[in-house]
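Reader: Hey, I've got a protein open here and don't know where to start. Can you walk me through it?

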Amino acid sequence: MHILHSFIVSFIVYCLIICTTCAIETPSTSTSKPPPSSSASSTNHASFTKNSFSGIVGNTFEALEDHIEGTIEHYSALAGKIFPVLSKLYISPDKARNIFKQIQKVQEPGDWIFIFLLGWVTIPVVKYPYEKLVMGNITRDTTAEGGLTSSKRPFQESFLYHFADHLSQAGKIAALVYGLDCIAIALETIGFSHVTMFSPYIAKAIYTFWIFMRFNKLKRFLVFKSFGVSNVQEDGNHPSMRGRLARAKIVNRILELLCLAGCFFVMIDVLKVKLGVTLKSLFAVSGASTVIFSFAVKDVASEIVSGLALQASDKVYEGEKVLFGNGLKGTVDRIGLFETLIRDSSEMVTAVPNKELSNQRLTNISRNKFSQVKQKIHFAYSDLNKLPWLLREIRREIEQSCPMVVTDGSKPFRTYFHSFEDCYLEVVVDVRMTVTPDSDHYYQSREQVLFAIGRAVDRMKMKFAVLLAEN
C-alpha cells in the first residue's frame, strides 16, 4: 500500500509539472481584444476559469501520451523487433535463387577449385614424390649384421614440407574468407543492409592474425636456433644445455610481448579504429589515471621484473635442485613471470613469489661438482691398540672400492681417531666425492663408502660399540 501511495503522489506531482509547462509554453490562439470593463470581467470570470482549466487538462493528457509513446520507442530493445528479424532469416525459394545469382556475380567456381587444391591437395602432392623418389638428405648406416640401410630425413622435418604447409594454410585461410564473403552477400540479399562493407576488414584481420602466428613460430625457431637449442624437450634434460635453454626462453618471451603489441597496433590500423568519446575522455584524465594505475600494478610489475631477472640470471634454471635462505629446499619445476614452483623430496609443490625469492640467499645444489661423506663410528676401549691399523685399512678399502672418492690429494680424505668419549672411542671418516650432492648418484656412492668401512672393520676382527640408552 505504501508503494501504491508513493506511485500516486509521484504521478500527481509529475502531472502538475507537465501542466505548468504546458500552460506557460502553449501559445494563445485567441485574437487580441481590448480588456473588458470591470462589470464584464466579473460576469465572465466563471466561464474563463472553466475554459482555461479544460484547455490545460487537455494539453496535459496530450503531452503525457506523446511522452509515453516516445519512451516506449526509445527504451524498447526487443519488443516488436524479434519477428521482423526472424522473417528476414526465412529463405524462400525465390530468395534462395536471388542469393545464388548475387554470389555468382561476385565469385567464380574456378576460384573455389584453385583454393581447394591449394589448401587440401598441396601437401599430399608434394609428399608423394618426396617419399617415392627419395628426395632430401640421405645417409647410410651400418647395421650390426654388416649390411647397409639407407635412412632419410622425415618429410615433416624437411624444408619442402614447411613450404607446402605455408601454401596449404594460405589456401585454407582464403577458403574461410571466401565463405564469409558468401555469408555477407546472402545476409544483404535477404534484407540486412551494410553487411558486405565489413567483409574487407574481416579479411584483413584474419590475414593479419595468420601472418602474426606464422611470424611468431618462425621467431621462436630462430631464437632457439641462435642459442644452440634445437629440441626443447630433449635439450632441457641435459645440464649443459639448461643455461642456453633458459636464456632462449626469456628472449622468446620478450620478443613475443613485442610481437603482440605490434599485432595490436597493426590490427587497429587495418580495422581503421577511431577514438570515440569514451577513449578521449579517458585520455583527458590520463594524468590521474596514470598515478592510480601505477599504484595498482606496482606489485605486479615488481613480480614480473623479478621473474625476468631470475630467468635471465645464471643463478638457477628449471630442473635444478636449490636451497634458499629460508630453509626451502627442492627442485625448481617452473620459473614463471609471477611465481616459481619448488618441488621438495616429498613431491609437495610450493609456489613462491618471485619478489620473495629475489631477496634471499640461494645455494644451487645441482651445480656443485663435489659432495661430502662424513661418518662417525664408535669402538670399545678394548680396541684402542687396533685403531692405527684400522684407519689404514679403512683408507685402503675406500681407495680400492670407491672410484668416486677423490684420493689424489686435491680434496680432503681423512680417516682419524677423533676423541675419547665416556664409554666409546670415536673415529671419523671424512671424504669428498665427484658427484652432485643430494642426488641419486650421491646416495649410491655414499652407500659404497659405508660398505667399505664395514668390510675393513670385519677384516680387523673388530666390532662397533653399541650404545645402551640410559634408564
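Author: Sure. First, a term: helices and strands here are DSSP runs, with at least four residues for a helix and at least two for a strand, numbered from the N terminus. Also, this is a predicted model.

Reader: Okay, how many helices and strands are there in the protein?

Author: The protein has 17 helices and 10 strands.

Reader: And how much of it is buried?

Author: Of the 471 residues, 26% are buried. The protein exposes about 32600 Å², and 63% of that comes from carbon and sulfur atoms.

Reader: Let's switch to loops. What's up with the phi of Glu 347?

Author: Glu 347 isn't a glycine, yet its phi is positive, about 65 degrees. You'll find Glu 347 in the loop between β5 (339-343) and β6 (349-353).

Reader: Is Glu 347 buried or exposed?

Author: Exposed: its relative accessible area is 52%.

Reader: What about Lys 461, what is its phi?

Author: Lys 461 has a positive phi too, about 55 degrees, and is not a glycine either. Lys 461 sits in the segment after α17 (440-459) and is exposed, at 70% relative accessible area.

Reader: Now helices. At what angle do α5 and α8 cross?

Author: Roughly 135 degrees, with the axes of α5 (residues 93-106) and α8 (residues 159-189) coming within 9 Å. That angle makes α5 and α8 oblique to each other, and the crossing is right-handed.

Reader: Which residues meet there?

Author: From α5, Asn 98, Ile 99, Gln 102, Ile 103 and Val 106 meet Cys 182, Ile 185, Ala 186 and Thr 189 of α8. That contact has 6 nonpolar residues, 3 polar and no charged.

Notes. Residues are numbered from 1 along each chain as its sequence is written. This is a predicted model: local features need pLDDT of at least 70, side-chain atom pairs count only at pLDDT 80 or more; totals for chains, interfaces and linings use all residues. Side-chain values use heavy atoms; hydrogens and water are left out. Axes are lines fitted to C-alpha atoms, for helices over the stretch in contact, and angles run from 0 to 180 degrees between N-to-C directions. Angles under 35 degrees count as roughly parallel, over 145 as roughly antiparallel, 65 to 115 as roughly perpendicular and the rest as oblique. A crossing is left-handed if the near helix is turned anticlockwise from the far one by less than a right angle, and right-handed if clockwise. Contact means heavy atoms within 4.5 Å. Ala, Val, Leu, Ile, Met, Phe, Trp, Tyr, Cys and Pro count as nonpolar, Asp, Glu, Lys and Arg as charged, and the others, Gly among them, as polar. Buried means under 20% relative accessible area, exposed over 50%, partly exposed in between (1.4 Å probe, protein chains only). Accessible areas come from the Shrake-Rupley method with a 1.4 Å probe; for residues, only the protein chains shown count as cover.
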